[in-house]
Amino acid sequence: KSEGTLDVGKSDQVTVTFLPQESKAYQGEIVLSYDGLDAFIPVFGESHNDNNVYLSKSFLHLDDAYITLHTQQHVKIINKSAVPVEFQWRAFTSTKEEQEKKQRLCSELQQEEAEQRMLIEETYNEGSDLESLDSDDSYDNDELAKKNERKQAKAIANLARRYNNIRKAVEDDLMLFQDDIFILEPVSGKIWPNTEITITITFKPQGPLHYSCTAFCNITCSEERLPLQMIGEGIGPKAKLNIEEMDIGDVFVGKRKEIDVTLENKGEIEAQFNLLPFETPFGSKFSFDCDHGILGVKERQPIKISFCSDILGEFSETFKWELQGSPELLSLTIKGHVVAPTFHFDEDIINFGAVSYSFKNTKEVKLTNTSEVPFNYSIRVPGDGKLLQKEFDITPSKGTLRELSSERIKIDFISESVRKYDMVMVVDIDGVGQDMLAIPIKGECFVPTVKIVPNEYLKYGDIF
């Protein structure tokens, strides 16, 4: 106690508590006031750090943990001293840093309060102008102004009270260690002489990242706080495709090709997957029967991929899946070559040989589709009929040829000019290209030589 009444011949005991904050020598005075007199009592004390209180570890590498799960390890605070000590896990290395943090927070609060107060004053000043215009005759301007001032003063008082409570909470805050990733339990307590206490550290990562944090143990018998550095690695979902690269070889244009792959969850948590968009010319020819979903632990998801292209050429397309909560992408590369249908004639040349002028000559060839897809075709003779009338008549000149089938093509040739013919008959495939196949046409047109004998006159002789 710090005051009281002492009877004659009596004594009383006063307890002086020495609670140093730094390791150094202290001195001061106690002033005892009685009956108008003062007595000065010198007080001395010296503080030392007690190295008999320490952590079993100052560095802790926690086991990697999947997001949404956690791992735990333990560290001990050991008290080998002869006195009980109290401990608290703090976020800062020293009291000085804590005070600096509190000062910054209070400064920010003061600025916020000033801005809020300015806003209140502006709001009530504007409201006063509107009320003076809309009020009835029962109030004069002075009464309205006083009424507005009372409202403004009440709002400012409420604001000041609210920010005073916040500032008091900041000043009273012990700045204990708080973290969403590394959780220490217990965060404070008392350790008796020659005993120890076990601290449980829980690592709960929120993403697939590397985490590092330091907590500081404040011991009542030590000026310096004991640091505990903690690190850990967060693990995101893990999934794998059974195939990462595939060459599907030659694929006929218009032919549907199906590919089966399997996506498997290799981790210990659910894996939410999503196929990223693909916009390339060949990429748009692929379709997936499952482009998103959630895989349970150890679960597999079969994915059927269909490919059907109407354009020719080689391709190499890489498709990527993202896993929610993981920075890594799964990829599947599909290579191949889209080729035109294969077909041929059963002859290497259409040779009409020598033909007579304006006489009809006919040849036949067989067109065979050796591919596994049907196609629509058109057959023509380039240049035929540009100057004169058409000389070649093809039957059929267009049609559909089913897969692995044949068709007889008849070519009627009526020459309208005396000359040699060195032309070609070409096949166009609808939607694929022109002049996909060509066969030469040979021939020569002659006019027959007619000779009259005798060629001068006819002698009939004597006629009765």
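This is a short dialogue on reading side-chain features in a predicted model.

Colleague: Which ground rules should I know before I start?

Modeller: The model is predicted, so local features need pLDDT of at least 70 and side-chain atom pairs count only at pLDDT 80 or more, while totals for chains, interfaces and linings use all residues. Residues are numbered from 1 along each chain as its sequence is written, and side-chain values use heavy atoms, with hydrogens and water left out.

Colleague: What is a salt bridge, and how many are there?

Modeller: A salt bridge is a side-chain nitrogen of Lys or Arg within 4 Å of a carboxyl oxygen of Asp or Glu. By that rule the count here is 20. In one of them, the closest N and O atoms of Arg90 and Glu98 are 2.8 Å apart.

Colleague: Are Arg90 and Glu98 buried or exposed?

Modeller: Buried means under 20% relative accessible area, exposed over 50%, and partly exposed in between (1.4 Å probe, protein chains only). Arg90 is buried because its relative accessible area is 8%, and Glu98 is buried as well, at 4%.

Colleague: Which parts of the chain does the pair of Asp435 and Arg380 link?

Modeller: Asp435 and Arg380 meet in a salt bridge of 2.8 Å, N to O. The pair links distant parts of the chain, with Asp435 in strand β30 and Arg380 in strand β25 (residues 375–380), 55 residues apart. Strands are DSSP runs of E with at least two residues, numbered from the N terminus. Asp435 is partly exposed, at 47%, and so is Arg380, at 28%.

Colleague: Where is Glu317, and what does its side chain join?

Modeller: Glu317 sits in strand β20 (residues 313–323). Glu317 is buried yet has no salt bridge, and the nearest side chain of opposite charge, Lys285, is 11 Å away. For charge, Lys and Arg count as positive and Asp and Glu as negative; His and the chain ends are not counted. The side chain of Glu317 does join that of Thr280 in a polar contact of 2.6 Å. A polar contact is a pair of N or O atoms within 3.5 Å; within protein, one must be able to donate a hydrogen and the other to accept it, and residues adjacent in sequence count only if both atoms are side-chain atoms.

Colleague: Which residues form the cluster of ring pairs?

Modeller: Rings of Phe, Tyr and Trp (its six-membered ring) pair if their centres lie within 6.5 Å. Such pairs link Phe278, Phe282, Phe286, Phe288, Phe307, Phe315, Phe319 and Trp321 into a cluster.

Key:
Helix = DSSP H or I, 4+ residues; strand = E, 2+ residues; numbered from the N terminus. Phe/Tyr/Trp six-rings, centres within 6.5 Å; stacked < 30°, edge-to-face > 60°.
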